[in-house]
Each structure stands twice: as structure tokens, then as C-alpha cells.
Amino acid sequence: MRIRIEKSYFTLPEILERWAISISDLAYLAENDRLRLSVRVFGAPVEFGEHDETADGEPVRVPCERVRHSGLLDLRPHHVFRLFRCGEVRLRDFRAPGGGYALLLGPEPPAVTVPDLLVRREERDRLEAETGFRDRGPEAEAERAFFASCDYHY
């Protein structure tokens, strides 16, 4: 029996195996904003903020905090599209929880490649509930196996 680690995020190969779909299907979901993909950063200077409008209706960013961030940042659908077409993108602007933004600060944005992409556990679970995708791995088969207690109560 394999030990299962409770992860907060997964690599694309793990998701592709779990859902038994192709990379092009996964790209389609992400490009069409049905699946949010993320990247991991370590100690990166990041400005988190919200979007607002001026009196003239022009969009503006309203900074809330600047921190050294270690964790996941979510890509925008058009960035995912470019990434899967070009193989690499340099990004500064990311999605933040609640519709805000996360802006990488510093001299040059890092290169993001397809192997850098991750899927948050919450995002995986949300899409599985929404679409009916299910784990198709050997552990999932074991979890779906018939079980009965000695008194047949369960």
C-alpha cells in the first residue's frame, strides 16, 4: 500500500494522470478560465492589491500590501494561452484571491514554463465537483471497493 501525502498543490502530470485527460484538454480548460493554474514563488517581492476605477471609469490598481511572498500565484487565462503557444512567458501580473491582483516587483520577471505549472488542491476539487472528473488511479479503485462491517451495519 502506498502512503498518500496530503498535498496543497499538484503538478500537471499528477492532474493529467488523475483525470485521464490530455495536456491539450487541460490547456483548453485553463485558457477558457474553467481551471486556474498556478506557479510557485519563493521569497519574491510582491505587491497585493485590488482593482478600482477612477471617476472617468479608467481602471486603476489600489495597492494593499508589499511583502516577500513564498507560495502560489495564479495565472490569468491569456497568460496560459501564451504559455502553451510559446513554451515560456515572463509574467509580473497574477490573479489574487477576491478578484485582486498580485504584482511581482523587481528588475526582471522570472520565466514561467509549462513544467512550472501547478494546480491548487481547492481548484482540483472544485473542478472535479463541477465536471464529474474523478481520480482514476489505483488508489481510487481501492477507495471505491466494496466494504462491509462484520454486522453489515456499514
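## A walk through the helices, rings and loops

Start with H2 and H3: these two helices run roughly antiparallel to each other, because their axes cross at roughly 150° and angles over 145 degrees count that way. One thing to keep in mind as you click around: this is a predicted model.

**Stop 1: helices H2 and H3**

Select residues 23-31 for H2 and residues 77-86 for H3; their axes come within 8 Å. If you wonder what you're looking for here, two packed helices are described by the angle between their axes and the distance between the axes.

Now show the side chains. On the H2 side, pick Ile23, Leu26, Ala27, Ala30 and Glu31; on the H3 side, they meet Pro77, Val80, Phe81, Phe84 and Arg85. What classes of residue make up this contact of H2 with H3? Eight are nonpolar and two are charged, with no polar ones.

**Stop 2: zoom out**

Take a look at the whole chain before going on. The protein has five helices and eight strands. Walking from the N terminus, you pass them as β-α-α-β-β-α-β-β-β-β-β-α-α. Of its 154 residues, 38% are buried. Among the contacts between residues at least 6 apart in sequence, 62% join residues at least 24 apart.

**Stop 3: Tyr9, on strand E1**

Select Tyr9, which belongs to strand E1 (residues 9-11). Is Tyr9 buried, partly exposed or exposed? Its relative accessibility is 29%, so Tyr9 counts as partly exposed.

Next, add Arg40. Along the chain Tyr9 and Arg40 are 31 residues apart, while their C-alpha atoms are separated by 9.7 Å. Setting aside residues up to four places away in sequence, Tyr9 touches Arg40 along with Leu72, Leu118, Val119, Arg120 and Arg121.

**Stop 4: Ile15, inside helix H1**

Move along to Ile15 in helix H1. With a relative accessible area of 1%, Ile15 is buried. What does Ile15 contact, if you leave out neighbours within four places in sequence? You should find Phe10, Leu26, Val119 and Arg124.

Leu26 may look familiar, as it was one of the H2 residues meeting H3. Ile15 and Leu26 are eleven residues apart in sequence, and C-alpha to C-alpha they are 8.9 Å apart in space.

**Stop 5: a pair of rings**

Aromatic rings next. The count of aromatic pairs comes to one. To see that pair, select Trp19 and Phe133: their rings are tilted, with 40° between the planes and 5.1 Å centre to centre. Trp19 is in helix H1 (residues 12-19), whereas Phe133 is in the loop between helix H4 (121-131) and helix H5 (138-143), so the pair links distant parts of the chain, 114 residues apart. Trp19 and Phe133 are both buried.

**Stop 6: two loop residues with positive phi**

Here's a bit of background: most residues other than glycine have a negative phi. Now try Ala20, in the loop between H1 and H2. Ala20 has a positive phi, near 55°. At 52% relative accessibility, Ala20 counts as exposed.

Then jump to Asp33, in the loop between H2 and strand E2 (38-53). Asp33 also isn't a glycine, and its phi is positive at about 60°. Asp33 is partly exposed, with a relative accessible area of 42%.

**Stop 7: Tyr101 and its arginines**

Finish at Tyr101, in strand E6 (residues 100-104). How much relative accessible area does Tyr101 have? The value is 0%, so Tyr101 is buried.

Show what surrounds Tyr101. Beyond residues up to four places away in sequence, Tyr101 touches a long list, including Glu47, Phe48, His51, Arg61, Val62, Pro63, Arg76 and Asp93. Val62 is 39 residues from Tyr101 in sequence, with 9.2 Å from C-alpha to C-alpha.

Highlight Arg61 next: its charged end sits over the ring of Tyr101, 4.9 Å from the ring's centre.

Then select Arg76, which is in the loop between strand E3 (59-74) and H3. Arg76 counts as buried because its relative accessibility is 15%. Apart from neighbours within four places in sequence, Arg76 is in contact with His51, Asp93, Phe94, Arg95, Gly100 and Tyr101. Keep His51 and Asp93 on screen for a last look: both touch Tyr101, and both are in contact with Arg76.

Note on methods:
Residues are numbered from 1 along each chain as its sequence is written. This is a predicted model: local features need pLDDT of at least 70, side-chain atom pairs count only at pLDDT 80 or more; totals for chains, interfaces and linings use all residues. Side-chain values use heavy atoms; hydrogens and water are left out. Axes are lines fitted to C-alpha atoms, for helices over the stretch in contact, and angles run from 0 to 180 degrees between N-to-C directions. Helices (H or I, at least four residues) and strands (E, at least two) are DSSP runs, numbered from the N terminus. Angles under 35 degrees count as roughly parallel, over 145 as roughly antiparallel, 65 to 115 as roughly perpendicular and the rest as oblique. Contact means heavy atoms within 4.5 Å. Ala, Val, Leu, Ile, Met, Phe, Trp, Tyr, Cys and Pro count as nonpolar, Asp, Glu, Lys and Arg as charged, and the others, Gly among them, as polar. Rings of Phe, Tyr and Trp (its six-membered ring) pair if their centres lie within 6.5 Å; planes under 30 degrees apart count as stacked, over 60 as edge-to-face and the rest as tilted. Buried means under 20% relative accessible area, exposed over 50%, partly exposed in between (1.4 Å probe, protein chains only). A charge sits over a ring if NZ of Lys or CZ of Arg is within 6 Å of the ring centre and within 35 degrees of the ring normal.
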